[in-house]
Amino acid sequence: MSDKLYEQAVRVAERAYAPYSSFNVGAVARARDGRVFEGVNVENAAYPLGICAERTAISRAVTDGCRPGDLEEIAITASPCGGCRQWIHEFRFDRVTFKNAEGELVRAEELMSAMDEIYSLLVTIDYPDGVTGGLRRTTDALRAVLERTRGDLTTAMVAARLQGAIERAERSVG
Ligand code: THU
């Protein structure tokens, strides 16, 4: 779900009102009951009065009756500022997806380390194969999947960094 929500946030970002920073941000929060709330950053000539995309999305959810614990996940097209992290914490999201400064998908890294953890736990289980129904073989197969996934993730991150560098270079050339 996270990837789809993130893709939606990218589309939502086009509707941002950010004439001062030109940094369009989109955020989409999904409630446990399936409702989705979109938000964009809305800037103001008086700088501190602007509002971030995630706070807009959360405010819309609250306006429609959501309270802390009702929101399951949020996807944001920027790395949340300190104030927004506080808001995200307050509403106790299960999942938060965003790109960090290097443009890396933080969620993918989290999942990778969860997979590592599961593997390290499984590999310590040392009962005869007859008892565990061939767990040893499954764990070995999982190891191969892990290594391949780590390789794919590294490639994807290098590609994302490269793409970011190209985009920045294009902007600076005009
Ligand atoms: N911004 C967001 O909307 N969300 C974030 O997570 C980071 C920053 C907005 C605030 C401001 O309008 C612009 O991005 C530049 O900082």
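1. In this predicted model, the ligand takes up the space of the second largest pocket.

2. The residues surrounding the ligand are Ser21, Phe23, Val25, Asn41, Glu43, Cys52, Ala53, Glu54, Ala78, Ser79, Pro80 and Cys81. By class, this shell consists of seven nonpolar, three polar and two charged residues. Phe23, Val25 and Pro80 are among the nonpolar members, Ser21 and Asn41 are among the polar ones, and the charged pair is Glu43 and Glu54.

3. Both of these glutamates have a side-chain polar atom placed against a ligand oxygen. For Glu43 the separation between a polar side-chain atom and an oxygen atom of the ligand is 2.5 Å. For Glu54, an N or O atom of the side chain is 2.6 Å from a ligand oxygen atom.

4. Ser79 contributes through its backbone: an N or O atom of the main chain lies 3.5 Å from an oxygen atom of the ligand. The ligand on its own would expose 370 Å², of which the protein buries 83%.

5. On the overall layout, the protein chain is split into domain 1, covering 1-107, and domain 2, covering 110-174. Their centres, taken over C-alpha atoms, are 27 Å apart. The residues named around the ligand, from Ser21 to Cys81, fall within the bounds of domain 1.

Conventions
Residues are numbered from 1 along each chain as its sequence is written. This is a predicted model: local features need pLDDT of at least 70, side-chain atom pairs count only at pLDDT 80 or more; totals for chains, interfaces and linings use all residues. Side-chain values use heavy atoms; hydrogens and water are left out. A residue is near a molecule or strand if one of its heavy atoms lies within 4 Å of it. A polar contact is a pair of N or O atoms within 3.5 Å; within protein, one must be able to donate a hydrogen and the other to accept it, and residues adjacent in sequence count only if both atoms are side-chain atoms. Accessible areas come from the Shrake-Rupley method with a 1.4 Å probe; for residues, only the protein chains shown count as cover. On a 1 Å grid over the protein atoms alone, a cavity is a set of points where a 1.4 Å probe fits but cannot get out, and a pocket is an open set with protein on both sides within 12 Å along at least five of seven lines; lining residues have an atom within 4 Å of a point. A molecule sits in a cavity or pocket if more than half of its atoms lie within 2 Å of its grid points. Domain bounds come from an automatic or database domain assignment.
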